[in-house]
Amino acid sequence: MVNTIVALATAPLKSALAVIRLSGDDAFNIANKAFDKDLLTNKSRGIHYGFIKNGEEIIDEVILLTYVAPSSFTGEDVIEIMCHGSMLIVDQIIGTLIRFGARQAERGEFSSRAFYNGKIDLIQAEAINDMIDATSPEAQKLSLLSLQGETSAHIKPLQIKIADLLSLIEVNIDYPEYLDIEEATNEKIINDVSLMLEETNSLLNEGRQGQIIVEGIRVAIVGKPNVGKSSLLNALIEEDKAIVTDIAGTTRDVVEGRVNLHGLTLHLYDTAGIRESSDQVESIGINKARAEILEADLVILVLDASKPLDLEDEQLLSLTKDKKRIIVYNKSDLATKDDASKIYISALEKDISALEKRIVEIFGIEEAAYSRPALNNTRQLGLLEQVRDDLINAQNDAKNELSLDLVAVNLREAYDHVFEIFGANNESDLSEEIFARFCLGK
Ligand SMILES: Nc1nc2c(ncn2[C@@H]2O[C@H](COP(=O)(O)OP(=O)(O)OP(=O)(O)O)[C@@H](O)[C@H]2O)c(=O)[nH]1
Ligand SMILES: [Mg+2]
């Protein structure tokens, strides 16, 4: 089976340079066949200048970076070829390397090799994607912390504390005759687990904030026709993107925009004005608007401050009442702003700061969250919630004075769930942990 993989590492676009990556046992052999200088005699980490040939003919003038296993991103022998950024050249080089024994890499295969070879854990692997997808400098910064292993280091102490208590309990179960070992009393278990729960809850809270920073929030702009939803989208993104007219029912399809508000990425969805309509096209748009309400993390319900609320507004107030929402009174330039509890804006005059302030308030991201490593995706946080539940179960068992075996089962679950956050999906082996802590070899 061919195990040396090749792929373009940079974007498939015309550019000054492109990087082609080769990884696997045969990387040096394959590159050597295509390169005009010898790479095999002194196989080492280095930079080489030369020419890539497809057999006889020169394809391009390149720089080769060579990495020897295990000191590379994937942990295997890796060669990176920096060539000129023409897709024609890239295709020819990749074609040549495949002819010489490599195969096209699958999506994410370089990262998955790095993971399986123990170069990175799953948190770091996920961070690579987050870095590439980051839509704000803040998101990029948090992803980088995860990539550097800071997030993993941040949750490691919790895992160690669980292992400590579990080891103590297991030793109490297995070696009750040893008097020099601390007794795992219910009181100790309850106290220790309380501290772990505190830590877990704060990791969850930090993580939820991190997730908002990394992924941004989905915001639906809804309201009846003509209240100024599209004008608001345009004001928020400072661009004339959505069509604005004084004809009710202008917007049909969902119009998307994105803006970074003090480090918070808003993915905005401007929708068709919701009303009873017999127009087929408009009705489809209205259904999409209803769907956006369901999907949104935040609904901005736009009302017209210059007119009294009508039945359509009331229906929308009721339709969105269970969502996290901000009700804004637009067209404040035509109205008296006489209610201090209301958020008045004028999308026309780009006077929307009261809304922007409220959005930031509602998501309550602490300043520290922008520079703090945190578990920050649904997979990681879902597992951390399971850890919390396992700990609660363990604590309840201790409170109910159940047997140590049962407490241990729940703690073991908690330990394994932390382990799974790092990407280990098989049963972890705790015996090493136990023997590392207690000198039982008597
Ligand atoms: N005076 C005033 N007019 C506004 C304001 N915001 C929007 N308008 C006007 O209201 C009309 C409708 O604006 P749109 O932004 O198209 O409203 P919409 O809610 O997207 O309308 P539909 O797409 O039809 O649902 C346009 O004539 C806008 O110029 C505002 O703050 N003040
Ligand atoms: Mg519109």
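Trainee: Let's start with E349: is it buried or exposed?
Mentor: Keep in mind that we're looking at a predicted model. E349 sits in the loop between β12 and α11. A residue counts as exposed if 12 or fewer other C-beta atoms lie within 10 Å of its own. E349 has 12 other C-beta atoms within 10 Å, so it is exposed.

Trainee: How far apart in space are E349 and S231, C-alpha to C-alpha?
Mentor: Along the sequence, E349 and S231 are 118 residues apart. In space, the C-alpha to C-alpha distance between E349 and S231 is 9.6 Å.

Trainee: What about K350: is it buried, exposed or partly exposed?
Mentor: K350 lies in the loop between β12 (343-344) and α11 (353-363). Its phi is near 55 degrees, a positive value in a residue other than glycine. Most residues other than glycine have a negative phi. As for the neighbours, K350 has 14 other C-beta atoms within 10 Å, so the label is partly exposed.

Trainee: Where is E238, and what is its phi near?
Mentor: You'll find E238 in the loop between α8 and β8 (255-261). With 10 C-beta neighbours inside 10 Å, E238 counts as exposed. Its phi is positive although the residue is not glycine, with a value near 50 degrees.

Trainee: Which peptide bond is cis?
Mentor: Most peptide bonds are trans. Here, look at P70, in the loop between β4 and β5. Omega is near 0 degrees for the cis bond, which runs from A69 to P70.

Trainee: Which helix gives the most to the shell around ligand 1?
Mentor: There are 24 residues around ligand 1, and G228, S230, T251, G273 and L348 come nearest. By class, that shell has eight nonpolar, twelve polar and four charged residues. The helix that gives the most to the shell, with three residues, is α8 (residues 229-237).

Trainee: How many Å does α9 reach from its first C-alpha to its last?
Mentor: Helix α9 covers residues 280-295, which is 16 residues. At 1.5 Å a residue, 22 Å is expected. The model comes close to that, with a reach of 23 Å.

Trainee: Why are the buried residues of α9 on the same side?
Mentor: The buried ones in α9 are I286, A289, E292 and I293. An α-helix has 3.6 residues a turn, so residues three or four places apart point the same way. The buried residues of α9 are on the same side because they cover an arc of only 110 degrees around the axis.

Trainee: And which exposed residues does the face of α9 turned away from its buried side carry?
Mentor: First, the buried side: its residues pack against β7 (217-222), β9 (264-270), β10 (298-304) and α10 (311-319). Turned away from that side is the face with the exposed residues Q280, V281, N287, L294 and E295.

Trainee: Which elements are included in what covers the buried residues of α1?
Mentor: In α1 (residues 27-34), the buried residues are A27, F28, I30, A31 and A34. They cover an arc of only 165 degrees around the axis, which puts them on the same side of α1. What covers them includes β2 (15-23), β3 (46-54), β4 (57-67), β5 (78-85) and α2 (87-99).

Trainee: Which residues does L122 touch, not counting those up to four places away in sequence?
Mentor: L122 lies in helix α4 (residues 122-133). With 19 C-beta neighbours inside 10 Å, L122 counts as partly exposed. Leaving out residues up to four places away in sequence, L122 touches F115, F422 and G423.

Trainee: Is V387 buried or exposed?
Mentor: V387 lies in helix α12 (residues 378-399). Setting aside neighbours within four places in sequence, V387 is in contact with T200, A414, H417 and V418. With 27 C-beta neighbours inside 10 Å, V387 counts as buried.

Trainee: Last one: how many Å apart are the C-alpha centres of domain 2 and domain 3?
Mentor: The domain assignment gives domain 1 (5-116), domain 2 (150-212 + 373-437) and domain 3 (217-364). For domain 2 and domain 3, the C-alpha centres lie 45 Å apart.

Notes: Residues are numbered from 1 along each chain as its sequence is written. Chains are lettered from A and ligands numbered from 1 in the order in which they are written. This is a predicted model: local features need pLDDT of at least 70, side-chain atom pairs count only at pLDDT 80 or more; totals for chains, interfaces and linings use all residues. Domain bounds come from an automatic or database domain assignment. A residue is buried if 20 or more other C-beta atoms lie within 10 Å of its own, exposed if 12 or fewer, and partly exposed in between; C-beta atoms are placed from the backbone. Helices (H or I, at least four residues) and strands (E, at least two) are DSSP runs, numbered from the N terminus. The arc is that of the directions from the helix axis to the C-beta atoms. Two residues are in contact if their C-beta atoms, placed from the backbone, lie within 7 Å. A residue is near a molecule or strand if its C-beta atom, placed from the backbone, lies within 6 Å of it. Ala, Val, Leu, Ile, Met, Phe, Trp, Tyr, Cys and Pro count as nonpolar, Asp, Glu, Lys and Arg as charged, and the others, Gly among them, as polar. The expected span of a helix is 1.5 Å times one less than its number of residues.
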